[in-house]
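Trainee: I should like a close look at a single part of this model, namely its enclosed space. Please describe what surrounds that space and which parts of the chain contribute to it.

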Amino acid sequence: MQAAAVPTTHLDPRVCDQARLTRDARFDGLFYIAVTSTGIYCRPVCPAPSPRAKNIRYYDSAAAASAAGFRPCLRCRPEAAPGSPLHRAKSELVAGALRLIEQGALDEGSLPALAARVGVGERHLRRVFAEELGASPLDVAATRRLLFAKQLLTETAMPIARIADASGYASLRRFNAAFVATYGKPPRDFRRGRAAADAGADELVLRLPYRAPYDFEHLLAFYGRRTIPGVEAVDARSYRRSVVVDGVPGWFDVAAIPGDDALALRVHHPSSSAVGAIVARVKRMFDVDADPRALEFALRGSTLLKPLIRRWPGQRLPGAWDGFELAVRAVLGQQVSVAAARTFAARVAATYGTPYADGEAHGVGALFPTPERLVDAPLEQQGVIRARASTIRGIARAVLDGHVAFRAEQPLAAFERDLVALPGIGAWTAHYIAMRALAQPDAFPAADLILRRAAGEGRTLSTRELERLSEEWRPWRAYAVMLLWRNS
């Protein structure tokens with residue numbers, strides 16, 4: 001069997017064996033190799049000598065290997081592998097729970113509370129996690145904490161106490177105990193020979209690995225055309241923006257790393273506890289966990305999409321930092337050009353946003369206005385027509401009242417239902433927001449005129465015709481949207 005002929009391993013021993021023996025980087029992060037004679041689990045690209053076949057076990061995720069009693073390899077560093085358990089989720093339920101776990105829901109919260117947030121019982125959530133991931137939610141959360149802490153230890157000079165906080169440990173004692181139990185030595189031993197960090201430093205740089213190919217240039221171009229001046233800044237090599245996490249402002253910068261299948265994330269924020277949340281949201285925003293081979297396998301059966309996939313390999317879904325901000329931007333863009341929408345968004349941000357002095361030198365000296373600032377704002381004074389101004393105020397009120405939330409874990413159908421209930425919001429706007437703010441891979445704004453023309457190949461399809469055509473692209477229709485828009 002040729003390894004390249006399948007989209008994922010599904011733990012087929014023949015595929016896993018071939019990928020392991022050839023150290024095939026295309027399978028890095030798709031499965032893990034556990035060795036019973038050493039008690040260690042590794043990435044398929046691990047440079048260590050190949051163990052005997054009888055001692056090998058394969059696992060879908062690092063969490064599954066850890067739950068089986070294996071510890072991460074210090075040579076290949078599983079924390080540096082691309083992807084996350086999200087690419088293993090087969091249901092919206094598990095995907096939603098995983099998004100919450102990556103945001104730290106189980107660092108301080110309980111499993112029953114997590115189950116309640118995704119609308120099921122604790123026992124059912126455990127069962128579906130075991131079926132889809134081979135690990136419990138608690139196992140996934142514990143592995144995420146440990147590997148993220150190991151990455152911070154390895155890649156930064158961040159003080160150890162701040163790393164414990166940033167990676168979600170409730171105390172330094174638990175942090176140390178987790179490392180001793182897993183690696184047989186305390187965290188400080190990973191720091192020997194390295195310079196001590198400045199305890200007052202509030203900036204760090206992290207590597208975000210991805211699975212190639214990755215069209216970063218297109219993402220920059222997409223963001224660049226939609227940049228809100230003062231809030232965001234895009235140049236030839238990077239994207240930068242101001243953010244607010246836990247009520248505290250900061251900023252981050254994302255750039256490609258030449259010669260490496262990874263992005264460099266530079267975070268400038270005074271709160272160490274915010275680091276994990278920022279990393280999780282940036283990874284979603286830049287879609288670094290996507291598996292391009294699985295997407296290609298799913299979409300290449302379409303005669304319409306196959307040539308586009310070949311023309312633009314590495315297509316990613318451009319996400320958004322904040323759902324409310326994107327919703328405002330989407331309404332401002334209704335029936336006007338991208339440039340006009342950007343102008344309106346800049347006016348709104350300059351008038352109702354908050355100055356951010358620490359970001360001025362980096363081109364991000366403003367924070368986008370909150371729902372509280374826009375709920376009664378006379379946006380008509382900024383040139384926004386009355387209907388759209390009213391819609392934006394309605395969205396702000398719905399967010400404040402709890403009728404609409406931009407939680408990434410919620411099902412697409414529920415989000416669409418809540419959003420289209422607001423005056424001025426149709427299915428197109430709801431799906432566009434879901435596609436970017438919630439990173440919903442199956443969101444599909446079928447009423448989009450440009451999309452219907454691009455898919456019609458010479459004629460304009462009706463919305464119903466396009467919806468029927470798109471059924472074969474599930475559950476990756478949002479990626480099809482991006483390819484078709486590029487081809488228009």
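Mentor: In this predicted model, there is one cavity of 30 Å³ or more. The space inside this largest cavity comes to about 580 Å³. Its lining is made up of 31 residues, and those that lie nearest the centre are G83, S84, E102, R144 and K283. Five elements each give two or more residues to this lining: the helices α2 (62-67), α3 (92-102), α7 (137-155) and α11 (275-285), together with the strand β5 (203-209). Among these contributors, α7 supplies the largest share, with six residues.

The chemical character of the wall can be stated by class. Nonpolar residues number 15 in the lining of the largest cavity, while eight residues are polar and eight are charged. In terms of domains, domain 1 (1-74) and domain 2 (84-193) each provide at least three residues to that lining.

A sheet may be described alongside the cavity. Four strands make up an open sheet with mixed pairing, and their order is β3-β1-β2-β4. The edge positions are held by β3 (56-59) and β4 (71-72); each has a single partner strand, so one side of each is left without a neighbour in the sheet. Within the sheet, strand β1 (residues 32-35) and strand β2 (residues 40-42) run antiparallel and are joined by three bridges. In this pairing, I33 stands opposite C42 of β2.

How values were computed
Residues numbered from 1 in each chain as written. Predicted model: local features only at pLDDT ≥ 70, side-chain atom pairs only at ≥ 80, totals over all residues. Heavy atoms only, no water. 1 Å grid on protein atoms, 1.4 Å probe; cavity = no way out; pocket = protein on both sides within 12 Å on 5 of 7 lines; lining within 4 Å. Points joined across faces, edges and corners; volume = space filled by probe spheres on them. Nonpolar A, V, L, I, M, F, W, Y, C, P; charged D, E, K, R; others polar. Domains from an automatic or database assignment. Pairing = 2+ DSSP bridges.
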